[in-house]
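The exercises below are meant to be worked with the sequence and the model open side by side. Each task is followed by a solution that goes step by step.

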Amino acid sequence: MFPIPIFRDWEFIPISNGGSAFMEQLIQQLVNGISLGSIYALIALGYTMVYGIVKLINFAHGDVFMVGAFIGFYSITVFHLGFFPALLISMAACAIFGVLIERIAYKPLRNATRIAALITAIGVSLFIEYGTIYIRGAQPEAYPNGIVPLKSIEILGVKISGQSLLILAVSIFLMILLQFIVHKTKIGKAMRAVSHDQDAAKLMGINVNNTISATFAIGSALAGAAGVVFGMYYTKIEPLMGIIPGLKAFVAAVLGGIGILPGAMAGGLLLGVIEALVSAAGFSLWRDGVAFVVLILILIFRPAGLFGKNVREKV
Amino acid sequence: MRKKKVAGIFASLMLAAGVMAGCNSSTSGGGDKDGDKGGDILIGANLELSGGVASYGQSIKEGIDLALEEINKEGIDGKKLKLVPFDNKSDAPEAINGATKLISQDKVVAIIGAATSGNTKAQIEIAQSNKVPILTPTGTADDVTFKDGKLNDYVFRTCFIDPFQGTVAANFAAKELKAKTAAIFIDSASDYSKGLAASFKELFTKEGGKIVKEEAYVAKDTDFNAQLTNIKGKNPDFIFIPGYYEEVGLIVKQARELGIAAPMMGADGWDSPKLIELAGKDALNNTFITNHYSSGDNDPKVQEFVKAFKAKYKDKSPDAFNALGYDSAYFIADAIKRAGSTDTEKIQKALAETDGLELVTGKMKLDDKHNPIKSAVILEYKNGEQSFKTKVNP
């Protein structure tokens with residue numbers, strides 16, 4: 001009824017074949033890890049940008065990602081839009097949503113203690129999660145299949161689905177765009193200035209409030225994009241879906257060095273690959289645990305992150 | 001000004017929380033809580049009406065509602081059965097709250113629910129100590145009614161148990177599909193999944209098959225590519241995935257995307273329309289499930305139920321959860337009738353003595369561990385539709 005496999009167990013087959021089967025699996029796992037990692041990276045960028053500019057860990061960021069996934073879902077199913085329009089709408093809506101969160105919840109606390117702002121962020125996160133459940137219920141939704149009719153391709157016996165290539169392409173494009181915005185535009189210059197020294201930036205005539213809002217807008221738009229991409233790739237979305245990816249992205253941001261953009265990208269990809277390899281080694285149940293062990297190790301041995309310089313904090 | 005805004009946020013949070021709390025109590029059928037049991041006999045339903053496995057709870061409730069409508073046409077000794085629903089949000093602590101509320105505030109004579117074994121087990125203590133029978137329509141784990149050599153005498157179920165489903169699947173894989181090697185992919189957080197996997201493994205190896213890979217995931221995971229890649233590397237003839245639809249849908253989809261063509265099989269946990277949405281029609285081809293019932297079964301009792309159900313629910317074809325919910329209501333109604341009383345201890349006794357009750361999901365007889373002995377069906381997914389394959393008697 002179905003083809004009887006010739007090699008059931010790669011350990012028992014000749015070395016040359018065994019080797020290539022092993023390589024095949026390894027490459028496949030790397031591809032899995034990079035797809036997952038690029039989603040982490042997109043979310044981690046938002047964490048890192050916000051931290052870089054207001055020194056706040058925005059725990060509501062994972063929930064913006066969730067809201068983005070739902071906006072994309074409704075654009076596709078209710079308004080019958082394609083993938084790219086849905087992605088843009090979701091990014092735009094999340095940008096506005098991010099600015100609203102900043103203006104309503106964080107701005108009044110800008111001069112409060114950092115712990116107060118942090119607790120508020122947790123509060124906002126819970127509010128968004130359970131607000132969503134209250135509005136639409138806790139039941140999951142499924143992204144429709146075949147929005148982007150991409151065929152999977154096979155390279156060296158490794159099957160790469162069209163969607164994981166799409167994730168990768170979208171992520172890389174958005175990261176390049178972000179680099180461009182931060183380094184080549186006026187608002188990017190303002191962002192760098194504010195992150196360097198808020199008061200001095202104000203003296204130089206930079207509108208600090210608008211710059212911070214812009215940072216939240218860009219970070220949230222990236223989270224929205226990650227939400228739609230996640231929905232496309234993993235199909236299932238639900239109101240509490242932002243928690244774990246949000247925490248993992250936080251780990252990724254710390255891993256790369258929080259506040260440093262290339263660090264967030266590298267951290268995200270690295271974490272995705274680490275998780276895939278842990279699963280590949282047969283410890284799939286330890287996957288989440290390992291991510292947090294990575295966090296602890298990095299905090300002990302290299303608190304500034306892989307890309308960070310050790311800067312003494314100003315007193 | 002600042003303080004005001006913060007206060008405003010807090011106030012709105014509180015308000016939202018208040019509205020949510022209000023929502024809960026209003027769904028549990030306010031008015032006729034107190035004493036006045038003269039008119040109606042109250043039955044609690046502690047079900048997963050929202051949350052991860054919401055579709056189970058909602059389907060069961062549809063079945064119960066239909067059954068009660070029919071039963072109440074005649075009533076029991078001039079009294080009507082009235083359902084007091086409680087939404088446990090697919091969460092064990094909530095299920096405990098629900099059982100406590102239904103028993104101590106609403107004073108129900110019995111509770112139907114929960115849908116999953118885990119949420120049912122959470123209520124056992126409360127049912128036992130208050131001597132109120134609970135009846136799970138679909139909790140299939142074997143230790144729900146009987147654990148460590150001790151019978152939970154106030155706990156009943158309408159469905160058959162896990163070992164039976166695992167055995168049926170192993171038999172089907174080895175004999176019908178002629179599979180020599182199999183991989184098992186379980187939800188390590190679920191007793192249900194582990195129970196099925198254990199009985200599958202036992203029989204499949206006894207039939208001469210070999211389990212080449214065992215992988216696990218945790219409920220709520222979304223990325224299964226890594227484990228599936230490991231399974232693919234072993235090239236099994238058959239993959240047994242005894243999980244719930246929310247994850248299974250994604251597993252089947254990701255497996256097919258990785259190029260795994262082997263037949264996959266699960267059990268009643270797959271049975272939800274969401275599965276087809278999540279996995280996609282094409283990915284589900286060449287997959288099978290064991291189940292309690294099929295609307296494609298030609299038994300007249302089944303066809304009568306399908307007709308009544310379609311008439312009530314806009315031509316929707318009833319699934320196994322609908323059928324088991326329906327049967328659960330009849331199971332309890334029959335016991336209350338035979339007990340001739342609303343005394344919970346007498347109802348418990350009557351439930352335990354059930355023998356030969358004709359239900360939609362088969363003829364019901366309880367063994368001494370409160371497990372029903374009845375038939376199972378095997379269904380195959382073809383282009384996103386379940387089709388009846390065969391019926392297996394115990």
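**Exercise 1. A pair within one helix**

Task: In helix H9 (residues 245-257) of chain B, locate Glu257(B) and Lys253(B), and state how many residues apart they lie. Then decide for each whether it is buried or partly exposed.

Solution: Both residues belong to H9(B), where they are four residues apart, about one turn of the helix. This is a predicted model, and in it the side chains of Glu257(B) and Lys253(B) meet in a salt bridge, with N to O at 3.8 Å. That distance passes the test, because the cut-off for such a pair is 4 Å. For the second part, the limit to apply is that buried means under 20% relative accessible area. Lys253(B), with 6%, is therefore buried, whereas Glu257(B), with 22%, is partly exposed.

**Exercise 2. Two further salt bridges**

Task: For the salt bridge of Glu102(A) with Arg110(A) and that of Glu380(B) with Lys389(B), which partner is buried and which is partly exposed?

Solution: Begin in chain A, where the side chains of Glu102(A) and Arg110(A) meet at 2.5 Å, N to O. Glu102(A) has a relative accessible area of 1% and so is buried, while Arg110(A), at 24%, counts as partly exposed. In chain B, the closest N and O atoms of Glu380(B) and Lys389(B) are 3.5 Å apart. Here Glu380(B) is buried at 12%, and Lys389(B) is partly exposed at 36% relative accessibility. As a last step, set these pairs against the whole structure, in which a search over all chains finds 25 salt bridges.

**Exercise 3. The boundary between the chains**

Task: Describe the interface between chain A and chain B by its contacts, its buried area and its salt bridges.

Solution: Start with the contacts, which involve 45 residues of chain A and 46 residues of chain B. The area buried between the two chains is about 4000 Å², and carbon and sulfur atoms give 54% of this. Turning to charged pairs, there are four salt bridges between chain A and chain B. One of them joins the side chains of Lys274(B) and Glu141(A), at 3.6 Å from N to O. Polar contacts between the chains come to 14 residue pairs, both residues being at pLDDT 80 or more. Several elements of chain A supply at least two residues each to the side that touches chain B, including helix H1 (15-54), helix H3 (83-106) and strand S1 (141-142). H1(A) gives the most, with five residues. Sorted by character, the residues on this side of chain A are 23 nonpolar, 14 polar and eight charged.

**Exercise 4. A strand and the loop after it**

Task: Establish how strand S2 (residues 80-87) of chain B is placed, and what Ser90(B) touches.

Solution: Six of the eight residues of S2(B) are buried, so the strand is largely enclosed by the rest of the structure. Strand S1 (residues 40-47) of chain B pairs with S2(B) in the parallel sense over eight bridges, and Ile41(B) stands opposite Leu81(B) in S2(B). Ser90(B) lies in the loop between S2 and helix H3 (92-105) of chain B, and its relative accessibility of 23% makes it partly exposed. Leaving aside residues up to four places away in sequence, Ser90(B) touches several residues, among them Glu48(B), Gly51(B) and Asn119(B). Finally, the side chain of Ser90(B) reaches the backbone oxygen of Ser50(B) at 2.8 Å.

Definitions and conventions. Residues numbered from 1 in each chain as written. Chains lettered and ligands numbered in written order. Predicted model: local features only at pLDDT ≥ 70, side-chain atom pairs only at ≥ 80, totals over all residues. Heavy atoms only, no water. Contact = heavy atoms within 4.5 Å. Buried area = accessible area lost by both parts, 1.4 Å probe. Polar contact = N/O pair within 3.5 Å; in protein donor to acceptor, adjacent residues only side chain to side chain. Nonpolar A, V, L, I, M, F, W, Y, C, P; charged D, E, K, R; others polar. Buried < 20%, exposed > 50% of the residue type's maximum accessible area, 1.4 Å probe, protein only. Pairing = 2+ DSSP bridges.
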